[in-house]
Amino acid sequence: MLVTLQPVLRRFWYAVMPMAMLDDGPKPFTLLGEKIVLWKDAEGKPAALRDRCCHRTAQLSKGFVENGNIVCGYHGWNYDASGACVKIPQAPGNAIPSGASVPSYHCEEKYGYVWVALDDPLQPLFDIAEDHDPRYRRIEQFCETWKTAPLRLMENSFDTAHFSFVHKGTFGQFDQPKPEKFAITETDYGFEAETIITINNPPQSHRITGTTEPTTKRHFRNQWHLPFSRRLGMEYPNGLQHIIFTCATPIDDAHIQLVQWMYRNDTEADCPAQLLNDWDRKVIAEDKEILESTDPDAPVDVSRRIEQNMPTDMPGLIMRRRLLELLRAHGESEVLPNT
Ligand code: FES
Ligand SMILES: [Fe+2]
């Protein structure tokens with residue numbers, strides 16, 4: 001599926017970067033192939049416009065912010081968050097020409113990140129109960145570009161079959177590739193997948209898991225949120241919760257911005273954020289290497305019929321079906337790469 005050619009995907013919220021990245025001026029981003037500029041307005045709220053001045057097409061992200069407006073770095077035209085040109089420095093007494101504006105996008109701050117929807121969102125941004133639960137702390141993790149398709153990352157997220165192989169250097173048990181439990185329940189937003197896996201617990205992960213046993217169990221209660229967000233809810237036998245949210249924000253058909261943050265029901269003294277991020281960095285580096293070796297095209301390739309008999313591959317097949325249903329409901333058909 002070529003995500004940049006499926007207009008309905010423009011109607012979802014995507015996390016693009018931490019709010020703090022806008023502290024020192026506007027920043028460019030490419031979302032679903034569209035070049036946008038982000039900045040903080042006078043109230044500190046994020047704003048997003050097409051990254052192209054309507055005067056002589058300069059990238060607005062090369063400019064600067066003044067009085068909450070973005071100023072083009074070429075001739076200084078000012079735009080507000082709605083995209084209207086509000087000042088032309090060379091013609092202060094003249095009316096702004098009609099049509100002097102650039103397209104604007106829906107833009108919000110949530111969970112410490114800037115979120116953008118290119119067209120009217122089909123639903124509000126999902127609520128994360130742990131974010132307003134004082135028993136949990138939120139830890140910012142990663143924001144980086146991977147050379148893979150967004151649905152590759154999503155199907156990988158619910159594919160327990162890869163743990164024993166891709167993650168044998170960290171937590172995966174090479175000789176135990178079969179999960180103890182694997183159950184999927186479809187929901188309005190996507191699905192929930194429950195699974196129980198015994199994992200290796202090397203000394204480096206003792207404070208992550210809260211136990212010094214050589215192995216422990218992870219009880220996953222995971223969620224897939226259409227189209228490209230996941231919640232990995234891991235619980236250890238001691239009640240410790242390690243909950244990861246990841247957005248495979250689609251830059252284009254072959255690249256994502258991996259945006260990830262975490263919730264834990266322990267304290268910095270129990271397990272420092274740096275230690276958690278160092279460990280998870282090792283784990284996602286294993287995923288990155290294998291995902292970047294896959295073709296960046298169809299997520300669940302139409303030719304992969306063999307998977308229909310393998311329970312651990314069901315999530316990818318359900319994703320494909322749900323996405324096709326979404327496209328159909330909006331009058332679209334799937335655009336596939338030329339192969
Ligand atoms: S190109 Fe932007 S002000 Fe001229
Ligand atoms: Fe993985």
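In this predicted model, Thr 57 is placed in the loop between strand S4 (46-50) and strand S5 (64-66). Although Thr 57 is not a glycine, its phi is positive, at about 70°. With a relative accessibility of 41%, Thr 57 counts as partly exposed, because that class lies between the 20% and 50% limits.

Further along, the loop between S5 and strand S6 (69-71) holds Asn 67. Asn 67 also is not a glycine and has a positive phi, of about 50°. The relative accessible area of Asn 67 is 69%, so this residue is exposed. Most residues other than glycine have a negative phi, and most peptide bonds are trans.

The peptide bond between Leu 226 and Pro 227 is cis, with omega about -5°. Pro 227 belongs to the loop between strand S14 (215-225) and strand S15 (229-235).

The metal site is considered next. The iron ion (ligand 2) has as its protein donors His 162 (NE2), His 167 (NE2) and two OD atoms of Asp 287, at 2.0 to 2.7 Å from the ion. Along the chain, these donors follow the spacing H-x4-H-x119-D. Distant parts of the chain are linked by the pair His 167 and Asp 287, which are 120 residues apart: His 167 is in the loop between helix H2 (163-166) and strand S12 (181-186), and Asp 287 is in helix H4 (residues 273-291). Both His 167 and Asp 287 are buried.

The arrangement around the iron ion (ligand 2) is irregular because its four donor atoms subtend angles of 53 to 152°. A tetrahedral assignment would require all angles to lie between 85 and 135 degrees.

Definitions and conventions:
Residues are numbered from 1 along each chain as its sequence is written. Chains are lettered from A and ligands numbered from 1 in the order in which they are written. This is a predicted model: local features need pLDDT of at least 70, side-chain atom pairs count only at pLDDT 80 or more; totals for chains, interfaces and linings use all residues. Side-chain values use heavy atoms; hydrogens and water are left out. Donors are N, O and S atoms within 2.8 Å of the metal (3.2 Å for Na, K and Ca); water is not among the atoms, so sites may look incomplete. Four donors count as tetrahedral if all angles lie between 85 and 135 degrees; four count as square planar and six as octahedral if opposite donors are over 155 degrees apart and all others between 65 and 115; anything else is irregular. Helices (H or I, at least four residues) and strands (E, at least two) are DSSP runs, numbered from the N terminus. Buried means under 20% relative accessible area, exposed over 50%, partly exposed in between (1.4 Å probe, protein chains only).
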